[in-house]
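Good morning, and thank you for coming. I would like to take you through one structure today, from its overall arrangement to its core, its surface and its side-chain pairs.

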Amino acid sequence: MKAQAALCCWIEGERRAPSASPAGKPSRVVVASSADLRQAVHNRAFRADLLNELSVLTLNLPPLRERKDDIIPLTEKWLAARAAVLGKTAKELSPAARDKLLDHDWPGNFRELQTVIERALIVEELPVIAAPSVIFADRPRVNDHMNAVADAFARFRSEQGRPLTLAQLECAYLVWLLELTGGNRTAASRLLGVSYPTIMKKIVDYRIDFNAIAARGRLTP
């Protein structure tokens, strides 16, 4: 709330004296949110005065699942942009990959699209992105997720007599991530948001056979 109050005061000051800005020109504030800010005001999680300051011109953009015609153009633009940043050759989408993107309901909206496309760009080694390289993150319901975690702990406890350690959980997660990327350690490090040396150290520490994981990935249809 302190940050919101400070932003509100700054906007008010800019309206009174726009020439006082460092650039000597009026400032322009553009804000985007996927949250219902009016509901947030009702829940006292967002300041009403700040919402009024930001609501000079409001544009409501439908979610990506309601704009199917935009999915492929946005994908192609993002592919070219991220390929340049990652130092990779720009890739095209196969017809099957296009269909897979269009069939998805995109609960994570544009941010999910960005993540899926960057993942495909990292994982796919050929010039054309095939459908198997378009990987969506699982989004299990909270209750299903908690039940799965409880079942995993129960199974391990029955076998070992104690719950999983953090090291065992980390090892299991890293194995799953390597399987997701077909043993590609660079892709795994990017998806995890850590450096390549960190991934390599974990693989050595946990004695993970990433070559076997990669071989299984190549055998998977």
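Read from the N terminus, the elements of the protein chain follow the order α-α-α-α-β-α-α-β-α-α-α-α-α. That makes eleven helices and two strands. Please keep in mind that this is a predicted model. Of the 221 residues in the protein chain, 26% are buried.

Let me begin with the interior. The largest nonpolar core consists of 20 residues, and those with the most contacts inside it are L93, L101, W106 and V134. Three elements, α4 (68-86), α5 and α6, each give two or more residues to this core. Which of them supplies the largest share? It is α6, with six residues.

One of those core residues, W106, deserves a closer look. The relative accessible area of W106 is 0%, so this residue is buried. W106 also takes part in aromatic pairing, for which the structure has a count of three pairs. The ring centres of W106 and F136 are 5.5 Å apart and the ring planes stand at 85°; since an angle over 60 degrees counts as edge-to-face, that is the class of this pair. As for location, W106 sits in the loop between α5 (95-103) and α6 (109-123), while F136 sits in the loop between β2 (128-129) and α7 (142-160). The pair therefore ties together parts that are 30 residues apart in sequence.

I turn now to the surface. A nonpolar patch is formed there by L7, W10, V29 and V31, which together have about 340 Å² of accessible area. Within this patch, V29 is found in the loop between α1 (2-16) and α2 (37-42). V29 has a relative accessible area of 40% and is thus partly exposed.

Next, the cysteines. How many disulfides does the structure have? The count is zero. Take C9 as an example: its nearest cysteine sulfur belongs to C8 and is 6.0 Å away. A disulfide requires the two sulfur atoms to lie within 2.5 Å, so C9 is in no disulfide. C9 is exposed, at 52% relative accessibility.

Finally, the charged side chains. The structure holds six salt bridges, and I shall discuss three of them.

The pair of D49 and R47 has its closest N and O atoms 2.7 Å apart. Both partners are partly exposed: D49 has a relative accessible area of 29%, and R47 is at 28%.

In the salt bridge between K202 and E170, the closest N and O atoms are 3.3 Å apart. K202 belongs to helix α10 (residues 196-206) and E170 to helix α8 (residues 166-180), so this bridge ties together parts that are 32 residues apart in sequence. K202 is partly exposed, with a relative accessible area of 28%, and E170 is likewise partly exposed, at 34%.

The remaining example stays within one helix. D205 and K201 both lie in α10, four residues apart, or about one turn of the helix. Their side chains meet in a salt bridge with an N to O distance of 2.8 Å. Are these two residues buried, partly exposed or exposed? D205 is partly exposed, at 44% relative accessibility, whereas K201 counts as exposed, at 53%.

That concludes my presentation, and I welcome your comments.

Notes. Residues numbered from 1 in each chain as written. Predicted model: local features only at pLDDT ≥ 70, side-chain atom pairs only at ≥ 80, totals over all residues. Heavy atoms only, no water. Phe/Tyr/Trp six-rings, centres within 6.5 Å; stacked < 30°, edge-to-face > 60°. Buried < 20%, exposed > 50% of the residue type's maximum accessible area, 1.4 Å probe, protein only. Patch = residues over 30% accessible without salt bridge, like charges linked within 9 Å, V, L, I, M, F, W, Y side chains within 5 Å. Areas by Shrake-Rupley, 256 points an atom, 1.4 Å probe, with all protein chains shown as cover. Salt bridge = Lys/Arg side-chain N within 4 Å of Asp/Glu carboxyl O. Core = buried A, V, L, I, M, F, W, Y, C linked by side-chain atoms within 4.5 Å.
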